[in-house]
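Biologist: I am new to this structure and would like to learn how to read it. Could you walk me through some features?

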Amino acid sequence: MFRQVFDPNNLFWRIISRCVDLVGLSVFWAALSLPIVTVGPATAALYYTVVKTFRHGEDGAFGIYWRAFVQNLRQGVPATLIFIPVLLLVFYGYSVMYANATSDLGVVMFVAYYVALVVPIGLFCYLFPIMGRFDLSLKELFRTSFALCLRHLPTTFILVLLVVELVIFVLEQWWPILFVPVVTVFLFSLFLERIFPKYLSEEERAVLEDRLPEEDEEEE
């Protein structure tokens, strides 16, 4: 009986293990994102890790996350440096439009701008998950993200709405940072993992299923 209770493979301990991964990975992501320029690789690594562990049931979440983070640093930092000024420009435009929404025309322009934000924010909703799942050049990464953003506009709209609402939730109350990052990318994966395989050859699907084959084999 005691052997069954303390068996790490039973349902209770698997749930505990996933809860630890949920909180630990969220905190890990927040800590690695503090330098700001590392938000990209931290997010790409989080997406990859959540897919491997929460969707495919693999163990060793923190080891997977750290290896993926290091692997994505070289490309993720430049992508983040591009992302930051664009994001600042987007929010500056938002503040201007919001401040001028005092007339009927101002309200119409504000709503139009708000709708138009789906594209730039949506692009980055695809950017870092694609970075985490595929080996692409920086140019190809942005081009692919932009193409998927426009080609799957209903999904893009859902992803943008989801990320905006969850960011507001975290900003209003700090404690959701303990689980929101992992929950967000898991919800993203429910949509994106259905989209990605549509554009892959058989060889590319093999890469999609195992982005880090060498490291995973060494771990085993």
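**Reading the model together**

Modeller: Happy to. Let us begin with one residue and its surroundings: apart from neighbours within four places in sequence, threonine 38 contacts Leu32, Ser33, Phe69 and Leu73. Please keep in mind that this is a predicted model.

Biologist: Where does threonine 38 lie?

Modeller: Threonine 38 is in the loop between α2 and α3.

Biologist: And how do I decide whether threonine 38 is buried or exposed?

Modeller: The general idea is to look at relative accessible area, where under 20% means buried, over 50% means exposed, and anything in between is partly exposed. Threonine 38 has a relative accessible area of 10%, so it is buried.

Biologist: Let me follow the contacts outwards. What does serine 33 touch, if residues up to four places away in sequence are not counted?

Modeller: Serine 33 touches Thr38, Val39 and Ala42 on that count. Serine 33 is found in helix α2, and its relative accessible area of 8% makes it buried. Look also at its side chain: a polar atom there lies 2.7 Å from the backbone oxygen of tryptophan 29.

Biologist: Which residues does leucine 73 touch, with the same neighbours left out?

Modeller: Leucine 73 touches Thr38, Pro41 and Pro78. Leucine 73 lies in helix α4, which covers residues 61–99. With a relative accessibility of 28%, leucine 73 counts as partly exposed. You can also compare C-alpha positions: those of leucine 73 and alanine 45 are separated by 9.5 Å, while the two residues are 28 apart along the chain.

Biologist: Now I would like to step back. How many helices and strands are in the protein chain?

Modeller: There are 11 helices and 0 strands. Reading from the N terminus, the elements run α-α-α-α-α-α-α-α-α-α-α.

Biologist: How can I tell what share of contacts joins residues at least 24 apart in sequence?

Modeller: Take the contacts between residues at least 6 apart in sequence, and then ask how many of those join residues at least 24 apart; in this protein chain the share is 72%. For the surface, two further values help: buried residues make up 38% of the 220 residues, and the accessible surface comes to about 12,800 Å², with 69% of it belonging to carbon and sulfur atoms.

Biologist: Which residues form a nonpolar patch on the surface?

Modeller: Val23, Val27, Trp174, Trp175 and Leu178 form one, with about 490 Å² of accessible area together. Take valine 23 as an example: it lies in helix α2, residues 11–33, and is partly exposed at a relative accessible area of 36%.

Biologist: Next, charges. What is the idea behind a salt bridge?

Modeller: Side chains of opposite charge can pair when their charged atoms come close. A search of the whole structure finds 3 salt bridges.

Biologist: How far apart are N and O in the salt bridge between aspartate 21 and arginine 18?

Modeller: The distance is 2.8 Å, N to O. Aspartate 21 and arginine 18 are 3 residues apart in helix α2, so about one helical turn separates them. Aspartate 21 is buried, at a relative accessible area of 8%, whereas arginine 18 is partly exposed at 23% relative accessibility.

Biologist: With which residue does glutamate 58 form a salt bridge?

Modeller: Its partner is lysine 52, and the closest N and O atoms are 3.2 Å apart. Glutamate 58 is partly exposed, with a relative accessible area of 27%. Lysine 52 counts as buried, at 1% relative accessibility.

Biologist: And what about arginine 133?

Modeller: Arginine 133 pairs with glutamate 193 in a salt bridge whose closest N and O atoms are 3.0 Å apart. Arginine 133 lies in helix α6 (residues 118–133) and glutamate 193 in helix α9 (residues 180–195), so the pair ties together parts that are 60 residues apart in sequence. Both arginine 133 and glutamate 193 are buried.

Biologist: One last feature: how many disulfides does a search of the whole structure find?

Modeller: The search finds 0 disulfides. For cysteine 125, the nearest cysteine sulfur belongs to cysteine 149 and is 8.0 Å away. Since a disulfide needs two cysteine sulfur atoms within 2.5 Å, cysteine 125 is in no disulfide. Cysteine 125 is buried, with a relative accessible area of 5%, whereas cysteine 19 is partly exposed at 40%.

Methods:
Residues are numbered from 1 along each chain as its sequence is written. This is a predicted model: local features need pLDDT of at least 70, side-chain atom pairs count only at pLDDT 80 or more; totals for chains, interfaces and linings use all residues. Side-chain values use heavy atoms; hydrogens and water are left out. Patches are made of residues with over 30% relative accessible area and no salt bridge: like charges are joined within 9 Å, nonpolar side chains (Val, Leu, Ile, Met, Phe, Trp, Tyr) within 5 Å. Accessible areas come from the Shrake-Rupley method with a 1.4 Å probe; for residues, only the protein chains shown count as cover. A salt bridge is a side-chain nitrogen of Lys or Arg within 4 Å of a carboxyl oxygen of Asp or Glu. Helices (H or I, at least four residues) and strands (E, at least two) are DSSP runs, numbered from the N terminus. Buried means under 20% relative accessible area, exposed over 50%, partly exposed in between (1.4 Å probe, protein chains only). Contact means heavy atoms within 4.5 Å. A polar contact is a pair of N or O atoms within 3.5 Å; within protein, one must be able to donate a hydrogen and the other to accept it, and residues adjacent in sequence count only if both atoms are side-chain atoms.
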